[in-house]
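Trainee: Could you take me through one part of this assembly closely, namely the places where its chains touch each other?

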Number of protein chains: 4
Amino acid sequence: MKNLNVGILGATGAVGQKFIRLLETHPWFTISSLGASKRSAGKKYKQAVHWIEKTELPSNASDIVVTECIPSEFADVDFVFSGLDSSVAGDIEKSFAEAGIPVISNAKNYRTHEQVPLLVPEVNPDHAELITKQSFSKNGDGWIVTNPNCVSVPLSMSLKPLDDAFGIEAVVVTSMQSISGAGYPGVASLDIVANVVPYIGGEEDKVETESTKLLGRVNENSIAYRDFPIQATAVRVPTVDGHLLSVSVSLETKPESIDEVRKAFTDWKNPIAELDLPSSPETPVRLYEEDRHPQPRLHADREGGMQTAVGRLRKGKVMDIGYVTLAHNTIRGAAGGAILNGELLAAKGYFK
Amino acid sequence: MKNLNVGILGATGAVGQKFIRLLETHPWFTISSLGASKRSAGKKYKQAVHWIEKTELPSNASDIVVTECIPSEFADVDFVFSGLDSSVAGDIEKSFAEAGIPVISNAKNYRTHEQVPLLVPEVNPDHAELITKQSFSKNGDGWIVTNPNCVSVPLSMSLKPLDDAFGIEAVVVTSMQSISGAGYPGVASLDIVANVVPYIGGEEDKVETESTKLLGRVNENSIAYRDFPIQATAVRVPTVDGHLLSVSVSLETKPESIDEVRKAFTDWKNPIAELDLPSSPETPVRLYEEDRHPQPRLHADREGGMQTAVGRLRKGKVMDIGYVTLAHNTIRGAAGGAILNGELLAAKGYFK
Amino acid sequence: MKNLNVGILGATGAVGQKFIRLLETHPWFTISSLGASKRSAGKKYKQAVHWIEKTELPSNASDIVVTECIPSEFADVDFVFSGLDSSVAGDIEKSFAEAGIPVISNAKNYRTHEQVPLLVPEVNPDHAELITKQSFSKNGDGWIVTNPNCVSVPLSMSLKPLDDAFGIEAVVVTSMQSISGAGYPGVASLDIVANVVPYIGGEEDKVETESTKLLGRVNENSIAYRDFPIQATAVRVPTVDGHLLSVSVSLETKPESIDEVRKAFTDWKNPIAELDLPSSPETPVRLYEEDRHPQPRLHADREGGMQTAVGRLRKGKVMDIGYVTLAHNTIRGAAGGAILNGELLAAKGYFK
Amino acid sequence: MKNLNVGILGATGAVGQKFIRLLETHPWFTISSLGASKRSAGKKYKQAVHWIEKTELPSNASDIVVTECIPSEFADVDFVFSGLDSSVAGDIEKSFAEAGIPVISNAKNYRTHEQVPLLVPEVNPDHAELITKQSFSKNGDGWIVTNPNCVSVPLSMSLKPLDDAFGIEAVVVTSMQSISGAGYPGVASLDIVANVVPYIGGEEDKVETESTKLLGRVNENSIAYRDFPIQATAVRVPTVDGHLLSVSVSLETKPESIDEVRKAFTDWKNPIAELDLPSSPETPVRLYEEDRHPQPRLHADREGGMQTAVGRLRKGKVMDIGYVTLAHNTIRGAAGGAILNGELLAAKGYFK
């Protein structure tokens, strides 16, 4: 159906590698260009990369000659995925959008930009229409879409059914985040083996903000953020993949019973189900009933790492309810989420 | 000064072993009797125990012949420490108290008994006077004192300075608990290596209750529990020692700044400091200023494992403040806490 | 092509669950019966099992009613896979063979039986013919085939190319074994988190024996074991899946260079390649050139967990060569290996 | 008795921090100067260091103003301990020796220098006399002594009793090394959590060489290395402290029984016992009889981290015997070993 050429910016980094692995057999998107730093440019990808994925380096990427992240080197692509580090993403992504190349980015730089959608397809697919308000390029061919930080993905996805049914009033969350969230080399093993580090620089601010944009409403040229408060504590734990969140929520309309809340989760309809996107999970938000579930090592990979798991749902003594939620931080919370954004925008015809 | 003979009930278990290690060179208490199950009775301790402590089995315990947990076998002791499992602690501890032998217990069975103090010396030393209301033995020689569950120790200790300064209104807490909290063999490695399990059976109820007794007031013959609500989520993480809590608190009197809260911690006076008890830490509640502190592997052993560490203190968006707190679960939160209770009661003259 | 009904003995255990997961979409074998202990009999599988696999419980197994492990309950099967514990495998497996039901077993009980093949398809496919010498059942319909212990699988597979090219003279091996090798609940987390336990009961004997049968020659009615010595040290390390072995080998014919040894690995032909078995890996013994490879977490899952990885190949100062080797202990070293045995025997027409 | 001022080179690094912690209450040595890189010079130590030890930063070091590693800044010291990185240790240590300041170094740079003793006090105390052959400074006041790499310490210490009793013929060793051996930040957590990395750059060469110097004999102006071969495989495992070695040894004189070998360990006399050095363990090489011992997490700290543990002693099928051995890599294998060297040399009167 769709047949689009894609480039990957930051192709040798941890997120870039994940893009390459997830796109290996993608039915719509074909990798045609790989961008990285000057140091890697000119080398074949297999020589430029320190491959850290569990699977083999895909043969459709291994021999591509890496270029610098300059729009002129990406003439053949329909759009690019960006796994760039935030220290360089600002300028580079802008240069691509200005050159008329759409950018679907995992970086944080444009997440709070007024006309840039912060997009989770199951949560706020309508925010995509902000694209048409962007003015990066003259004719509007170039634009930027972002996905949220890896904690805000399961947070917003698990809040969405609650918001639809009851309205969110306030959220207190402690996120227990895996080491892959810090990239490679990332966290020193001496800091985290048999340990917990109760701080992740800059993380709590993102968690406290992004969900209020995601659950916000399109308002002419921008998004009206929601005004419920979120209080976040972000800690690092020695898991490999999957961020687990302990969430307490106050609701606007008080549910009569915990079963009513349970029903809000199980009855919730995925608004993009009918689009049948290739990376779309069958159950985007799944409620687990077994007390000991979900767990990062057992459940983060469910549905190709694209599912958000919810468990331990129960009445609370301070806030109305408590639950835990889990999503794969480098798939659903990063590269996989960006790919799903690409699929949504392809299905909606945003690529010209 | 004091010279008391003590017995240990449940001497071969994980908590019992910790009692034996901590009492190896204790200036007041001398181990004279060790009690365990029928299976161990009649053996020398070194033959009965599967020793799991890092230090050598102390020579003052290794040759003691283990007896069953029957009061008549403990004729020579001034009191007993109980590290019994809750499945048997109820009957055995009662039988000792009835026989006129004071019991300082780590088990949960009598924690909510009306006349039994749930005691953390720095938090509620005055609760000790409930002892005189007990009627286990005719002449009052036998009585029971308990210490709280290992999460309620750092929770109550970190809430105490806040309660004194502002009053507690509500608490939301997520406790990230180490594997030693489940005893031996305890948690299966397949469940916890590189994983988090979001459930610990029965734990949340204890956390939601015990601190409201600890911070309660003596009221003739019992304790008036406090009525602020606590909402707890208890998860298991792959750390060895030290439970780390993410805490959010609403206060009755609103502090003007986070510095005022900081001052509440640093100005707080340990009410038992002047007793100079052997196991009493110099700084029972220590505020760490470094963002990445405290951490289980680095700080749980501070001050012999008897310190409660507080860190990441900051203003909150939903509740007034947020912080993390940490204490060594098998020392401060179990055997060491019980020993400190013993010291307090000895200093106050409760042993006859 | 083939269409065989299979039963699984020990279906609720860790190995049994792996059988069920690996057979979920198997092209030849259809699960028709599940056997477990009396406690589970009569329940649907989904109710009887404490499912510990990362993937969902397969729907083709979840509603099967579990029976006891009695041959009469397995009337509809062409053969059974046994994941039974060795404490019961001896009698039960014998009863199935006597009843004319072939048994492909992962248990250790019959591994050293004179007429029972200890089979790794790529190493000693010809040993299968021993089946015809067995006398468990009158007409020979029932027989037993076993796969080796999970360390002997990568050891024998990595020794085979060396044996073919140079002859094995002596082997010194240290196996660093993952926690899944001990089943569930298996190893206590307090024993292994951030630790190594230098002992695994009974393991070293198996490692020192089984490879000399695997590399032995069919000799009328039995196998002539090889007489080269193996010296093994088996330790438990905190990895989840994949046993990593440090191997030193003396060779009968001395290679002229390490490149000649390298060539022995890369030129080696898989003797069953042409059978094109469904679970057969493309490269059963793969030589990794990167110094830091293979690693349990990165490479144990390669080729569906059926590959044996070899790395760090180098000249030795005491023995001729040194290398490390790795295989997935519960797939290649257990259930997956047994399934490949089943496929080999099906392809060779042993099921009547 | 002794009262010597010491300086520490590389004071802010992982080894430097360990020196400072171990010397906090040392009866003979007082820290008077701390040297680090230009970046740290001029700051108080507490401001210059990112302290990673579990205990508090010692007050006797925290306010010392750090200087660059230049001899003129160390005028007040009797000698220096060097925890310098090998990339700079060569030049700096030489400059101190030339300036007449003795250097007791943990760095590898001079370990194979002909006149520099590679010293483990219990193994080769007589090698100290090589000091008098050195010509770094004109009058011989300045000299260099080194301790071996952290694997060669337990290897040489466990081989020494065997060598005395039977003579060593050949050694095959696999060392399972903890993450603290790589310094800080050292090993990336993504590489080692729930994993084993089968390679440590440069390590095997050191292990294969250093023990043959340690067990060598003083020969006029240098050491005659022993000619038995050592074959080493060095892997990284997710333990925090303590390197565990699996060792197989061929002996010149064949023992009649494993009990005779056991006796070689238990009867062995520590040659420096009578010197009663402050850091000297009571049992430098201890034989554990329990199969599951020694373990890094349980036993690395024994005797202040200065004990070498031996266990699993048994007859071998390829080489005469097999055993495991363990020592704390950053104490016995680094800073603590260097301090013991300092004590030996002080007791023997080498400091003028």
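Mentor: Let us begin with the smaller part of the picture, the meeting of chain C and chain B, where the buried area is about 1,300 Å², with carbon and sulfur atoms giving 73% of that area; buried area here is the accessible area (1.4 Å probe) that two parts lose on being put together, summed over both. On the side of chain C, the residues that lose the most area to chain B are C:Ser189, C:Leu190 and C:Val193, which together make up 44% of what that side buries. Before going on, please keep in mind that this is a predicted model, in which local features need pLDDT of at least 70 and side-chain atom pairs count only at pLDDT 80 or more, while totals for chains, interfaces and linings use all residues. Residues are numbered from 1 along each chain as its sequence is written, chains are lettered from A and ligands numbered from 1 in the order in which they are written, and side-chain values use heavy atoms, with hydrogens and water left out.

The contact between chain C and chain B, meaning heavy atoms within 4.5 Å, involves 14 residues of chain C and 14 residues of chain B. Between these two chains the count is 0 salt bridges, a salt bridge being a side-chain nitrogen of Lys or Arg within 4 Å of a carboxyl oxygen of Asp or Glu. There are, however, 4 residue pairs in polar contact across this interface, both residues at pLDDT 80 or more; a polar contact is a pair of N or O atoms within 3.5 Å, where, within protein, one must be able to donate a hydrogen and the other to accept it, and residues adjacent in sequence count only if both atoms are side-chain atoms.

Chain B also meets chain A, and there the contact takes 46 residues from chain A and 46 residues from chain B. The area buried between chain A and chain B is about 3,900 Å², and carbon and sulfur atoms give 53% of it. Across this interface the rule finds 8 salt bridges; B:Arg314, for example, forms a salt bridge with A:Glu204, with the closest N and O atoms 3.4 Å apart. The interface of chain A and chain B also holds 36 residue pairs in polar contact, both residues at pLDDT 80 or more. The largest share of the side of chain A that touches chain B, 6 residues, comes from strand E10(A), where strands (E, at least two residues) are DSSP runs, numbered from the N terminus.

Note on methods
Helices (H or I, at least four residues) and strands (E, at least two) are DSSP runs, numbered from the N terminus.
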